[in-house]
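Colleague: I want to learn to read a model like this one. Can we go through it feature by feature?

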Amino acid sequence: DLTLVWFRDDLRVADHEALTAARADGRVIAVWIRETRDEEGLGPRPLGGACRWWAHESLTVLHEELSDLGIPLLFAAGRAEKIIVQLASSLGVTAVRWTRRYASASRALDGQIKTVLNDQGFTVHSHTGALLVEPWTAAPQSSDHYKVFTPFWKAVAGRDVGDVLPKPQAQSPLSQTLLSRAHECPAVMELDGLGLLDGTETGAGEAAAASGPRWWQDTIAGHWSPGLRAAEDQLDDLSAIIDGYTTSKDVPSDAASTSRLSPRLRHGELSPRQLLQAARTTSSLTQDDRAAWIRQLYWREFSWHLTYHYPHIDSAPIRPEFHNFPYEDDDDALTHWRAGTTGYPLIDAGMAQLWQTGWMHNRVRMVTASFLTKNLLQHWWFGEQWFWDTLVDADEANNPVSWQWVAGSGADAAPYFRVFNPERQRERFDPDDAYIEDWLPYTPATAPPPLVDLRQSRQAALSAYDHMKNRS
Ligand code: FAD
């Protein structure tokens with residue numbers, strides 16, 4: 001039997017249930033699609049600039065790895081609902097398999113595709129793989145979902161998540177006739193044809209528009225090795241990566257303070273189960289480091305739990321009263337924030353780290369997000385969109401959920417009055433200015449003047465919050 005495996009955000013070959021099951025049934029042909037959303041907005045959110053670069057590089061490696069297993073990987077661009085059905089028919093496969101995704105617009109599309117395929121006589125199997133806890137499998141007694149992290153985590157942390165699956169066995173080559181038939185599908189093309197590295201086409205995003213095309217080649221490309229092989233090397237080294245996590249995790253200047261595995265999870269080069277198992281079985285870790293790091297993995301699970309239950313998480317506040325929040329509309333403030341010219345060194349260093357590397361330390365993400373939404377009173381959407389475009393780990397759950405958390409409109413959010421003071425945060429978490437020296441794009445002599453007064457802008461934020469409460 002021949003199975004079509006549709007790869008999406010799961011660019012790996014080990015611990016891949018769909019691939020393993022397909023190989024158990026016979027031979028496999030694989031496809032990855034650069035998806036375009038339909039008029040109703042179904043399908044995944046179009047990738048931001050940094051993630052498009054990452055996906056292109058990671059797909060190059062996946063292509064080689066699958067090819068070593070005798071499995072061809074096709075590339076296509078356009079509407080998945082057409083491409084998958086066309087490929088399934090012209091290749092004469094018996095089944096189509098994929099790893100489940102959880103954002104509502106993607107789930108709706110996958111449901112439609114499944115119906116069409118079933119109607120045409122194909123078997124469809126969706127598999128787990130992106131999460132340890134599928135969102136519908138955890139609920140408190142009083143509701144269909146959790147709103148607070150700790151009870152969610154207590155309910156799910158002890159669950160058996162099964163064993164990591166090995167790489168599947170290599171298969172004998174597919175016939176040339178079959179492969180030519182695949183290439184006759186008009187949407188099928190070479191990886192380079194997908195345009196993932198083009199910076200200027202429509203929809204490429206704000207970052208590309210702001211900087212001209214291909215900013216990643218001068219900047220972020222030097223900081224990462226995308227692809228499942230480098231990811232697996234990181235996994236082998238997990239004990240070194242998270243050794244001392246409990247004490248180092250809030251030190252942004254320390255390059256090893258956190259694992260930097262987020263883009264691996266985002267693109268599925270590693271599964272959360274591989275990471276959980278590695279953390280559990282690495283004996284050289286202290287109990288505290290192990291537990292603290294595993295807990296963070298469950299924050300990602302919790303973000304997906306919320307994203308599943310709040311389908312408009314990237315546009316609507318979870319707390320409805322925030323519909324009335326009097327955000328200001330100040331392009332100039334937003335431009336300074338994006339460019340890292342606010343005059344507050346921790347903010348500006350963070351925004352420079354993001355621009356240069358496609359990643360920012362979690363502590364600094366919180367401080368820069370608080371500054372934008374509270375001191376500058378700009379809507380969190382604008383920050384979320386900028387992060388979406390510039391982060392190599394930008395995902396449809398962690399990004400909007402974290403922004404809403406900082407902005408105060410999310411579930412289990414930081415209390416609104418907790419406005420991070422960037423100067424105090426700098427003293428606490430970067431007392432020797434090591435982080436600032438690494439990233440700050442200016443010297444004290446050329447420093448821009450502070451964009452806002454911290455005390456006054458904090459007061460203005462608290463008044464805006466009161467105003468919202470009075471209107472709600
Ligand atoms: P580690 O500390 O080594 O943690 C291991 C893994 O646990 C991470 O890779 C991540 O998958 C998960 N994790 C850690 N912290 C969090 C957290 N606070 N919330 C959810 N999951 C977490 N993370 C993303 O993956 N994608 C995003 O788009 C994203 N946007 C964010 C936006 C803002 C405003 C904020 C405040 C945070 C955002 N985060 C996002 C969460 C967090 O900052 C990153 O997951 C973390 O910095 C990744 O670095 P790491 O892999 O070294 O993390």
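**Reading the sheet and its surroundings**

Modeller: Start with one pair: Arg 97 stands opposite His 125 in β5. This is a predicted model: local features need pLDDT of at least 70, side-chain atom pairs count only at pLDDT 80 or more, and totals for chains, interfaces and linings use all residues. Residues are numbered from 1 along each chain as its sequence is written.

Colleague: In which sense do β4 and strand β5 pair, and over how many bridges?

Modeller: Strands of a sheet pair through backbone hydrogen bonds, either parallel or antiparallel. Here β4 and β5 (residues 123–127) pair in the parallel sense, over five bridges. Two strands pair if DSSP finds at least two bridges between them. Strands are DSSP runs of E, at least two residues; helices are runs of H or I, at least four; both are numbered from the N terminus.

Colleague: Which helix makes a β-α-β unit with β4 and β5?

Modeller: Helix α4 (residues 104–119), and the unit is right-handed. That means the path from the first strand over the helix to the second runs clockwise, with the strands pointing away from the viewer.

Colleague: What is the order of the strands in the open sheet?

Modeller: The six strands run β5-β4-β1-β2-β3-β6, with mixed pairing. β5 and β6 (188–189) stand at the edges with a single partner strand each, so one side of each has no neighbour in the sheet. Strand β1 (residues 2–7) pairs in parallel with β4 over four bridges, and with β2 (residues 27–35) over six. Thr 3 stands opposite Ala 95 in β4; its bridge partner in β2 is Val 28.

Colleague: Is strand β4 largely enclosed or open?

Modeller: Four of the five residues of β4 (residues 95–99) are buried, so the rest of the structure largely encloses this strand. Buried means 20 or more other C-beta atoms within 10 Å of the residue's own, with C-beta atoms placed from the backbone.

Colleague: How many residues of α16 are buried?

Modeller: 13 of its 13. Helix α16 (residues 345–357) should span 18 Å at 1.5 Å a residue, and its end C-alpha atoms are 18 Å apart, which agrees. The expected span is 1.5 Å times one less than the number of residues. Just after α16, Gly 358 takes a positive phi of about 80 degrees.

Colleague: Which residues come nearest to the ligand?

Modeller: Of the 27 around the ligand, Thr 258, Ser 259, Asn 398, Asn 399 and Ser 402. A residue counts as near if its C-beta atom, placed from the backbone, lies within 6 Å.

Notes: A residue is buried if 20 or more other C-beta atoms lie within 10 Å of its own, exposed if 12 or fewer, and partly exposed in between; C-beta atoms are placed from the backbone.
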